[in-house]
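Student: Hey, could you walk me through this one? I'd like to go bit by bit.

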Amino acid sequence: MNRRAVVAIARKDIKSITANIQVWLPMLILPIVFSVLLPAVVVLSARASQGDTAQFMQVISGMLERLPESSLTRIISSFETDQQKVAYMMLNYFLSPFFLMIPLMAASTVSIDSFVGEKERGTFEGLLLTPVSMRSIFTAKVLAAFLPAIVVSLVSFVLFAICANVFTWPILGRISFPHINWAPLVLLVMPAISVFAILINVFISARVTTFQAGYQLGALLVLPLVAIMIGQFTGFMLLDTRVLLAVGIILSILDYVLLRIIVRKLDRAWLFESQVR
Amino acid sequence: MHQVRQVNSPGISRLPLLQGGVAVIRVEAVTKRYGEQKAVDGLSFQVADGEILGLIGPNGAGKTTTIRMLCGVVRPDAGRIMVGGYDPEEQGDKVRSAIGVLTETAALYPNLSGIENLRFFADLYGVDDPHRPDQLIDEFGLAEHKNKKVGKYSTGMKKRLGLAKALLHRPSILLLDEPTSGLDPAGIDMVLKEIARLSREKGVTVVLCSHVLHQLETVCRRYVVIKRGQALAQGTLSELAKSHPGPCVVEVETDYPLEIEKDSVFEGDAGGGIGFQAKRLPNALIQFTLPSRDEVPKLVRKLSQTARVYSVTLKGEDLQSVYFRLTEGANNE
């Protein structure tokens with residue numbers, strides 16, 4: 001592994017993110033929406049649960065009943081008012097799959113740019129003509145997508161935590177976020193899902209010709225998340241600590257397998273002939 | 001010097017042997033197909049250490065594919081290639097460490113400045129001298145623009161930066177695809193002189209692809225003419241001219257009173273059995289077409305008896321004329 005080349009390529013790719021509005025704008029908008037607007041909406045809906053919103057409360061109570069006995073349900077039950085229960089439950093429980101969209105989208109956007117972008121800008125040829133091994137180029141590209149994705153996700157998480165606590169303080173009167181459930185989500189699932197998105201996008205990038213096409217195909221990665229959200233809302237699959245740990249471990253295994261396949265299949269001549277005109 | 005014609009069936013056994021030099025590049029019966037189309041078809045040639053070889057041919061002849069196979073980024077379907085003692089297919093990174101490549105597009109990063117591009121590639125090529133990128137920026141006259149984004153560079157500036165990039169790691173072999181396209185006359189002169197200097201002083205071996213044949217004449221020692229992926233001929237210019245002789249054309253600047261209209265052809269006899277065709281050109285020039293170059297002194301002597309002769313330029317022996325004879329000959333075959 002050529003460490004100097006890996007650092008140079010990764011640094012160059014990360015720098016190019018700031019130069020391309022197609023890349024950095026979605027990376028900024030989504031975290032702001034999720035970190036600032038979502039907690040605000042949650043607080044507003046919790047406040048709206050006062051008075052004649054009995055139907056809404058019925059739905060929430062039904063979900064609460066379906067949740068298995070856990071520290072989360074115990075904390076929720078300890079609250080006195082419905083308003084408090086709704087606010088705590090929405091923040092700590094329902095928003096977790098939404099939050100996974102941040103590393104997914106960030107990793108996808110940067111990884112598509114770093115492969116398809118090279119082709120679109122006609123620079124891939126120059127990169128493949130250097131004496132840097134395919135393994136080093138690939139490692140640099142994965143790092144260049146992983147680091148910004150993780151930084152954006154962690155910053156979003158901190159921002160989300162601040163906004164959540166500030167907005168719910170008038171209702172709950174204490175620090176209410178995060179619940180322990182978020183530990184496996186942030187420390188295991190977020191990095192694993194970022195790497196997964198990057199590796200899938202590397203596959204896609206090798207087969208599409210434009211950033212738009214890559215981005216559209218990459219967006220399909222959101223579909224499993226949508227399924228998790230539906231599972232979460234219907235109570236079919238509940239993201240408690242054990243489920244999140246399992247999801248994180250399965251994703252990590254998938255990442256490892258994908259990584260092995262890609263590294264074995266990396267062929268300079270094949271990439272050159274398929275990517276360079 | 002050797003000269004070999006290789007029409008239609010080149011092979012290892014017919015590969016020209018280099019005289020007085022070690023082959024740094026050997027291409028032996030190489031074929032490359034893209035789908036049904038043969039981009040390179042049994043191509044064989046060698047390049048000696050320190051030699052400047054012109055790889056010439058029309059668009060789509062297979063020049064770029066050949067360069068890419070030499071770099072180990074395109075895999076031949078058949079044949080064997082050795083570059084600097086390495087097989088590009090098996091030891092690609094070693095080959096790419098030894099060569100400097102300038103592609104037609106230069107493949108530079110538009111959102112990085114000129115100096116950032118060179119520093120980036122210096123890291124990739126493992127260049128240890130931290131002053132090397134700045135030194136090349138100065139050498140190629142880009143100091144004023146070094147902090148400007150390459151996306152804002154003119155074609156000529158990009159080409160110069162691309163050449164600087166190719167030289168970063170002081171390669172012993174240079175593969176240059178259209179190194180002068182987009183350059184102004186001063187830029188062309190500078191690039192060609194630099195190529196000649198590198199070969200002369202540093203012993204760098206160069207393969208040059210270009211369509212501007214008269215430029216190649218000033219730097220190349222030998223040529224490989226390819227068409228449809230095959231080598232039509234290879235050798236020095238005089239060897240190519242000898243193997244593909246054409247009528248001898250001379251342009252004479254004279255006040256000889258040739259009574260013919262512009263663009264019409266006069267057929268005459270200069271005496272002593274010298275048959276010729278003559279055509280009046282602008283600026284007191286007359287173009288004579290003679291059966292052979294042996295007739296040139298006789299013609300000049302004859303003209304001098306009745307008129308003043310200011311200059312005589314031999315045409316038809318330059319690379320462009322020989323190239324057209326070669327490629328048109330291949331069309332007729």
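Tutor: Sure, we'll talk through the chain contact, a helix, the nonpolar cores and some strands. Keep in mind that this is a predicted model.

Student: Okay, how many residues does each chain put into the contact?

Tutor: Chain A supplies 21 residues and chain B supplies 23 residues.

Student: And which elements on the chain A side give two or more residues?

Tutor: Those are helix 1 (3-19), helix 6 (124-128) and helix 12 (268-275) of chain A. Helix 1 of chain A gives the most, with six residues.

Student: What classes of residue are on that side of chain A?

Tutor: It's a mix: nine nonpolar, six polar and six charged residues make up the side of chain A that touches chain B.

Student: New topic. Which residues are buried in helix 4 of chain B?

Tutor: In that helix, residues 132-139, the buried ones are B:Pro133, B:Leu136 and B:Ile137. They lie on the same side of helix 4 of chain B, because they span an arc of only 105° around the axis.

Student: Why would residues a few places apart point the same way?

Tutor: An α-helix has 3.6 residues a turn, so residues three or four places apart point the same way.

Student: Nice. What do the buried residues of helix 4 of chain B pack against?

Tutor: They pack against helix 3 (114-124) and helix 5 (155-167) of chain B. Just after helix 4 of chain B comes B:Gly141, with a positive phi of about 65°.

Student: Now the largest nonpolar core. Which residues touch the most other members?

Tutor: B:Leu175, B:Leu208 and B:Val225 do, in a core of 153 residues. Helix 5 (residues 82-120) of chain A contributes the largest share of this core, 20 residues.

Student: What is B:Val225 in contact with, leaving aside neighbours within four places in sequence?

Tutor: Its contacts include B:Ile56, B:Gly57, B:Tyr323 and B:Leu326. There's also a second, separate core of nine residues, with B:Cys248 and B:Leu290 among them.

Student: Last thing, the strands. Which way do strand 11 and strand 14 of chain B run, parallel or antiparallel?

Tutor: Antiparallel, and six bridges join strand 11 (residues 248-254) of chain B to strand 14 (residues 285-290) of chain B. For instance, B:Glu251 stands opposite B:Gln287 in strand 14 of chain B.

Student: And how many bridges join strand 13 to strand 14 of chain B?

Tutor: Five, and strand 13 (residues 275-281) of chain B also runs antiparallel to strand 14 of chain B. Here B:Gln277 stands opposite B:Thr289. Strand 13 and strand 14 of chain B form a hairpin with three residues between the strands, where B:Asn283 takes a positive phi near 60°.

Key. Residues are numbered from 1 along each chain as its sequence is written. Chains are lettered from A and ligands numbered from 1 in the order in which they are written. This is a predicted model: local features need pLDDT of at least 70, side-chain atom pairs count only at pLDDT 80 or more; totals for chains, interfaces and linings use all residues. Two residues are in contact if their C-beta atoms, placed from the backbone, lie within 7 Å. Helices (H or I, at least four residues) and strands (E, at least two) are DSSP runs, numbered from the N terminus. Ala, Val, Leu, Ile, Met, Phe, Trp, Tyr, Cys and Pro count as nonpolar, Asp, Glu, Lys and Arg as charged, and the others, Gly among them, as polar. A residue is buried if 20 or more other C-beta atoms lie within 10 Å of its own, exposed if 12 or fewer, and partly exposed in between; C-beta atoms are placed from the backbone. The arc is that of the directions from the helix axis to the C-beta atoms. A nonpolar core is a set of buried Ala, Val, Leu, Ile, Met, Phe, Trp, Tyr and Cys residues joined through C-beta atoms within 7 Å. Two strands pair if DSSP finds at least two bridges between them.
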